[in-house]
Structure formats: C-alpha cells, structure tokens
Amino acid sequence: YPSWDGGVRVALTSRLGQTVAMVDVSDEKNPRVVWKEKLTGHPDRSFFWRGKLVIPCGYQGLLFEK
C-alpha cells in the first residue's frame, strides 16, 4: 500500500511480504529506494504524521519512524 508524505517521499508496505520501503521520488523518472526493512508483523497501510512515518503492524505493534 503506498502512502505519500506530500513531498518527495513515498512509503510502500506489503502485508504478504512483511516489508516496508521508503522511496525518494524527487526524480520521477528514476525513483530511489532510501531504505527497506523486513518486519515480523504484517504491516497495514502506513501514514505520515508530523512528517514521520507511522505503520500499524499487527502483533508487532504501532511502528514510528525516528
């Protein structure tokens, strides 16, 4: 599930793959993966709150970007 921060970052979560990735889309022809993480829980649709990524992640809990 994609979530956009209103700027140049898009977060992608995958429930089946148990992954989350942050993508920089400042160059729309060449998006760049900033980071990718394998999770133990099954992430739901993420969202941005006060510029930080928040991911509801099932039994792993509510994950916040530092």
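# Notebook: core, sheet and salt bridges

I began with the nonpolar residues. The largest nonpolar core has 8 residues, namely Ala-11, Val-20, Met-22, Leu-39, Phe-48, Leu-53, Ile-55 and Cys-57. I then looked up which elements supply two or more residues to this core, and found strand 3 and strand 6 (52–56). I note that the model is a predicted one. As background, I recorded that in soluble globular proteins nonpolar side chains tend to be buried together.

**Entry: Cys-57**

I followed one core member, Cys-57, to its contacts. Setting aside neighbours within four places in sequence, I found Cys-57 in contact with Leu-39, Gly-41, His-42, Pro-43 and Leu-63. Of these contacts, I had already listed Leu-39 as a member of the core.

**Entry: the sheet**

I next looked up how the strands are arranged. I found 4 strands forming an open sheet in the order 1-2-3-4, with antiparallel pairing. Strand 1 and strand 4 are at the edges and have a single partner strand each, so one side of each lacks a neighbour in the sheet. I noted an average turn of 20 degrees between neighbouring strands of this sheet, direction ignored.

I then went through the pairs in order. Strand 1 (residues 2–4) is joined to strand 2 by 3 bridges, and the two run antiparallel. In this pair I looked up Trp-4, whose bridge partner in strand 2 is Val-10. Strand 2 (residues 9–14) is joined to strand 3 by 6 bridges, again antiparallel. Here I recorded Asp-24 in strand 3 as the bridge partner of Arg-9. Strand 3 is joined to strand 4 (residues 32–38) by 6 bridges, also antiparallel. For Met-22, the bridge partner in strand 4 is Trp-35.

I also inspected the hairpin of strand 2 and strand 3, which has 4 residues between the strands. In this hairpin Gln-18 takes a positive phi near 55 degrees.

**Entry: strand 3**

How many residues of strand 3 are buried? I found that 6 of the 6 residues in strand 3 (residues 19–24) are buried, so I entered the strand as mostly covered, with buried meaning under 20% relative accessible area. I then checked the two faces separately. Thr-19, Ala-21 and Val-23 are buried on one side, and Val-20, Met-22 and Asp-24 are buried on the other.

**Entry: Ser-3**

I turned to strand 1, where Ser-3 is found. Is Ser-3 buried or exposed? Its relative accessible area is 8%, so Ser-3 is buried. I traced the side chain of Ser-3 to the backbone oxygen of Ser-46, which it reaches at 2.4 Å. Not counting residues up to four places away in sequence, Ser-3 touches Arg-9, Val-10, Ala-11, Arg-45, Ser-46, Phe-47 and Phe-48. Two of the residues touched, Ala-11 and Phe-48, I had met in the largest nonpolar core.

**Entry: Lys-29**

For contrast I looked up Lys-29, in the loop between strand 3 and strand 4. Lys-29 is exposed because its relative accessible area is 72%, and the cut-off for exposed is over 50%. From Lys-29 to Phe-64 I recorded 29 Å in space, C-alpha to C-alpha, and 35 residues in sequence.

**Entry: salt bridges**

I finished with the charged side chains. Side chains of opposite charge can pair when their charged atoms come close. The count came to 3 salt bridges.

The salt bridge of Asp-5 with Arg-9 has its closest N and O atoms 3.2 Å apart. Asp-5 counts as partly exposed because its relative accessibility is 30%. Arg-9 also meets Glu-65 in a salt bridge, at 3.1 Å from N to O. I noted that this second pair links distant parts of the chain, with Arg-9 in strand 2 and Glu-65 in the segment after strand 7 (62–64), 56 residues apart. Glu-65 has a relative accessibility of 23% and so counts as partly exposed.

The remaining entry is Asp-24 with Arg-32, a salt bridge whose closest N and O atoms are 3.2 Å apart. What is the accessibility of each partner? Asp-24 is buried at a relative accessible area of 15%, whereas Arg-32 is partly exposed at 47%. I closed by noting that salt bridges with shared partners join Asp-5, Arg-9 and Glu-65 into one network.

Note on methods:
Residues are numbered from 1 along each chain as its sequence is written. This is a predicted model: local features need pLDDT of at least 70, side-chain atom pairs count only at pLDDT 80 or more; totals for chains, interfaces and linings use all residues. Side-chain values use heavy atoms; hydrogens and water are left out. Buried means under 20% relative accessible area, exposed over 50%, partly exposed in between (1.4 Å probe, protein chains only). Two strands pair if DSSP finds at least two bridges between them. A polar contact is a pair of N or O atoms within 3.5 Å; within protein, one must be able to donate a hydrogen and the other to accept it, and residues adjacent in sequence count only if both atoms are side-chain atoms. Contact means heavy atoms within 4.5 Å. A nonpolar core is a set of buried Ala, Val, Leu, Ile, Met, Phe, Trp, Tyr and Cys residues joined through side-chain atoms within 4.5 Å. Axes are lines fitted to C-alpha atoms, for helices over the stretch in contact, and angles run from 0 to 180 degrees between N-to-C directions. A salt bridge is a side-chain nitrogen of Lys or Arg within 4 Å of a carboxyl oxygen of Asp or Glu.
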